[in-house]
Amino acid sequence: MKFTKRIFLILIACAITTNICAIQFRHLSIKDGLSQLSVLSIYQDKLGRMWFGTEEGINVFDGNNLTAIKTLRNIPPPES
């Protein structure tokens, strides 16, 4: 009987702590400034900014604003 009570208390404790540490997501789209919906890589730096790599370039999200840094295509390399 004591073993069953312990398991029950552990399950209740896990359920309570899971709700406290809930993760929040914000979906970003082209309407928010994302250069492309297909994200190939994601990185978070030490300042908390999120970096999204797409085929069109890099997108940086600072929590409020999304900045697109697009790659330059069809530009010939400089001649040396």
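The legends below go with a set of views of this predicted model.

**Figure 1. The whole protein, a good place to get your bearings.**
Welcome to the predicted model. The protein contains one helix and four strands. If you follow the sequence from its start, these elements come in the pattern α-β-β-β-β. Of the protein's 80 residues, 16% count as buried. The accessible surface adds up to about 7400 Å², and carbon and sulfur atoms make up 61% of that area. Among the contacts with a separation of 6 or more, 20% are between residues 24 or more positions apart.

**Figure 2. A nonpolar patch on the surface, formed by F8, L9 and I12.**
Here we zoom in on three residues, F8, L9 and I12, which form a nonpolar patch on the surface. Taken together, F8, L9 and I12 have about 310 Å² of accessible area. To find F8, look in helix α1, which covers residues 2-20. Is F8 buried or exposed? With 53% relative accessibility, F8 counts as exposed, because the cut-off for that word is over 50%.

**Figure 3. The salt bridge between D45 and R49.**
How many salt bridges does a search of the whole structure find? The search finds one, and a salt bridge joins D45 to R49. The closest N and O atoms of D45 and R49 are 2.7 Å apart. It is worth looking at each partner in turn. D45 is buried, with a relative accessible area of 14%; buried here means under 20%. R49, with a relative accessible area of 31%, is partly exposed.

**Figure 4. D62 in the loop between β3 and β4.**
This view takes you to D62, a residue of the loop that runs between β3 (57-61) and β4 (66-70). The relative accessible area of D62 is 43%, so D62 is partly exposed. Which backbone nitrogens does the side chain of D62 reach? One belongs to N64, at 2.9 Å. Another belongs to N65, at 2.7 Å.

**Figure 5. D62 and Q44, seen together.**
Let us stay with D62 and bring Q44 into the picture. Along the sequence, D62 and Q44 are 18 residues apart. In space, the C-alpha atoms of D62 and Q44 are 9.9 Å apart. As you look from one residue to the other, remember that D62 sits in the loop between β3 and β4.

Methods. Residues are numbered from 1 along each chain as its sequence is written. This is a predicted model: local features need pLDDT of at least 70, side-chain atom pairs count only at pLDDT 80 or more; totals for chains, interfaces and linings use all residues. Side-chain values use heavy atoms; hydrogens and water are left out. Patches are made of residues with over 30% relative accessible area and no salt bridge: like charges are joined within 9 Å, nonpolar side chains (Val, Leu, Ile, Met, Phe, Trp, Tyr) within 5 Å. Accessible areas come from the Shrake-Rupley method with a 1.4 Å probe; for residues, only the protein chains shown count as cover. A salt bridge is a side-chain nitrogen of Lys or Arg within 4 Å of a carboxyl oxygen of Asp or Glu. Helices (H or I, at least four residues) and strands (E, at least two) are DSSP runs, numbered from the N terminus. Buried means under 20% relative accessible area, exposed over 50%, partly exposed in between (1.4 Å probe, protein chains only). A polar contact is a pair of N or O atoms within 3.5 Å; within protein, one must be able to donate a hydrogen and the other to accept it, and residues adjacent in sequence count only if both atoms are side-chain atoms. Contact means heavy atoms within 4.5 Å.
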